[in-house]
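User: Hi! I am a first-year student, and I would like a close look at a single part of this structure. Could you walk me through one helix and what surrounds it?

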Amino acid sequence: MKKAIIPILYTFLFSVGNIFADNNLQLDNKNINDIISRLTLEQKARLLVGSQGCDTGISHIVPGAAGYTYSIDSLGIFSINLADGPVGVRITPESSNKQYTTYCTCFPSTTALAATWNKDIAFLEGSAIGDEANAYGVDIILTPGINIMRNPLCGRNFEYFSEDPYLSGIMGSAMIKGIQEKGIGTSLKHFVANNQQTGKLYNDARISQRALREIYLKGFEICIKNSDPWTVMGSYNKIGGKYTQANPELLKTILRDEWGYKGLVMTDWYKKRNTADQLNGGTDLMMPGEQSQIDEIIKGVKDGRISQAILDNSVKNLLELILKSVSYNGWKYNQAPDLQKNAELARHIAAEGMVLLKNDSSFLPVSQNTKIALFGATAYKSIAGGTGSSNVNKAHIIDISTGLENAGYQLNGRLKRLYTKYVEFQNDFLDKHPECTDWEKLSYNGTVIPEMNLSKAESIIEQEARNSDIALIVIGRGSGEESDRRLEGDFYLASAEKFMIEQVIDRFHSLGKKVAVVMNVCGVMEMNSWKDKPDAILLAWFPGQECGNAIADAISGKVNPSGKLPMTFPVDYSDIPSSRNFPIVGQTKSGKDFDYTNYEEDIWIGYRYFNTANVDIAYPFGYGLSYTQFSFSQPKIERKNDKWVATIKITNSGNTSGKEVVQLYISAPASPVTKPSAELKAFGKTRELKPGESQIIELQFTDYDLASFDENNSAWYTSKGKYMLFFGSSSRDFKATIPLSIKKDKCWKVNDVLKPVEKVNIMTLSTK
């Protein structure tokens, strides 16, 4: 969209700027303070308030970018642009002069990337996204999102990495490094505690200081210290009764003073706050911007609510960002990025992130030319990713049916025709935007097809069982930032899905034929009631634009699945501690869980709770099978300078080449506060090992990494005593164990900040 600048104000600003043109003063790294001293109050205010798609100024224009900053031509202050990009650059797929298209690669969902447990892969994806941004002239990509998966119903979980802050922080850091290596900035988001979509604009997240430090802030801390993102984006919600975007304890005391962050802090999009409070609280840039915010800044400075020092500091942060941008550094369009190469990378990442949850009698992989009865509407219209800011305007999506045929499988013609007709009808029937372009239908306005009711089609299922070698059943789920998920028909199977799974498996098994389920889903679902029925289950997530090809790679064995779950799958929703304090879609939108949410589960998120309390689960954090087997041996630990270095030997003891993830969990000695039975502190992934081949994996951590937060003393403590190191293939499958002795207590004092407005009634953990 294009937003017109008020003509009088525009003329005034730039005529004032031209007064200084005679001095030929142009922004560079050496004269920022001089530039700031020459700016008028109105110009400073204008710089700190963005523009949604402004078409004027010295910079190039990128259609579809999320927003722009303003330029002041006479002083060489360029406009820079910011584009969405959790799984790829989101811009309109045509240039402003119509001379070239700007399609971008839709990579797998962030959750799928996390499931690779591969830092190198995260870096490569970031590098590819950075290449595409650089080719099209995008300055800042609004990614990554590293909020914690507190509850599986959060509609935006697919954009996040994990229930674990360490996995989130390390994978997020690698992605940031990959993007910024290409000269493109990132925006670490959403800072902090954006853990629900319902009421997110006003919700006060009431979290204990310990849980906030150990769980919700830790991933951000890791990213800030390891990868130094150019910008940080505040969340909409409140912390400690104040909006995060106007909370100096969060944005100044913790982010800048404690963590040493020097970059720019910006708002999330569209929801305006009190602009003076935001600047005083530590936010520098208001996006996408409106005139009233400029007016508030001017008024705030004149009446003393905003000091000149605060104003100038924010302007300086913006100018320093501009100096690093491709817009400032002479961007010109040269050639399109290598979309074919990036599509291959997206396909590789998708396949590596798939999690083989079950494979009885080594059913998978399936040989080519196998006759497959392919059930499930999502098989014929597959889901590349979630909706909202993670949409990418890609050139295509490979459906699962197409991918299987590309790989040489034979799909039963009658069943394919039935589903194809059904999908076409549902597409038309559910289409809310029939006049939109094809690329918009592929991305923004795509529909998730509800499952076809087979309750009166037993004869078709019977015929498919007789005429096919095997059955594949595809389960699909959509998700997006517009809403949280529902329980019925989303977390739990819909009735049509239950019938399909039960009847197809029953008929095929009666004839001695096997059935696999492929899950093209956003995240956690209830599986305990049906996971024993199929012979194999492949969790494919949102695999990106190469969806069908990547799934075929895993089904065929072209790629040996090596993904591991980045979250726990519970037996039932009620088993999740946060289920008692999470909004249900459709409930009254006020009060508890809407205006405020009590994080009564405290640090007991995911495996920390389920493993410590010995609660039954469907699948544990870190779990994932392979077409081969691995052995763990020769665990060692030694001190090197200020780090602990653990090593383990991994050997492929099976008959197929494959990769294995090594997960290092560490338990702490007894202490006055209850601690998890063991926590993830490091991980690594082998290269592809041939049968009989071995690799030594090195895992590093520090004393600080072992610390727990004591909110009574506002300090991190690592107690002396005996720690145990567990090398595992999941959080419940430890392969090797060695002790570690810490001889002295260690303490790191921090500021006593971000207390909840009301004391949280923290749950008491009981162990079975």
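Analyst: Happy to help; we will start with one helix and then move outwards.

This is a predicted model, so a few limits apply: local features need pLDDT of at least 70, side-chain atom pairs count only at pLDDT 80 or more, and totals for chains, interfaces and linings use all residues. Residues are numbered from 1 along each chain as its sequence is written, and side-chain values use heavy atoms, with hydrogens and water left out.

Our part is helix α6, residues 165-180. Helices (H or I, at least four residues) and strands (E, at least two) are DSSP runs, numbered from the N terminus. The expected span of a helix is 1.5 Å times one less than its number of residues. For the 16 residues of α6 that gives 22 Å, and the end C-alpha atoms are 22 Å apart, which agrees.

How does α6 begin? At its start, a side-chain oxygen of aspartate 164 comes within 3.0 Å of the backbone nitrogen of tyrosine 166. This is a polar contact (a pair of N or O atoms within 3.5 Å; within protein, one must be able to donate a hydrogen and the other to accept it, and residues adjacent in sequence count only if both atoms are side-chain atoms).

Now for the surroundings. Buried means under 20% relative accessible area, exposed over 50%, and partly exposed in between (1.4 Å probe, protein chains only). In α6, 15 of the 16 residues are buried, so the helix is largely enclosed by the rest of the structure.

A nonpolar core is a set of buried Ala, Val, Leu, Ile, Met, Phe, Trp, Tyr and Cys residues joined through side-chain atoms within 4.5 Å. The largest one has 191 residues, and those touching the most other members include Phe191, Tyr216 and Leu357. To this core α6 gives the most, with eight residues. A second, separate core has 43 residues, among them Met266 and Ala276.

Tyr166 also belongs to an aromatic cluster, together with Trp117, Tyr607, Phe621, Tyr665, Phe683, Phe726 and Phe734. Rings of Phe, Tyr and Trp (its six-membered ring) pair if their centres lie within 6.5 Å; planes under 30 degrees apart count as stacked, over 60 as edge-to-face and the rest as tilted. The whole structure has 23 aromatic pairs. One of them joins phenylalanine 709 and tryptophan 716 edge-to-face, with 5.4 Å centre to centre and 65° between the planes. Both phenylalanine 709 and tryptophan 716 are buried.
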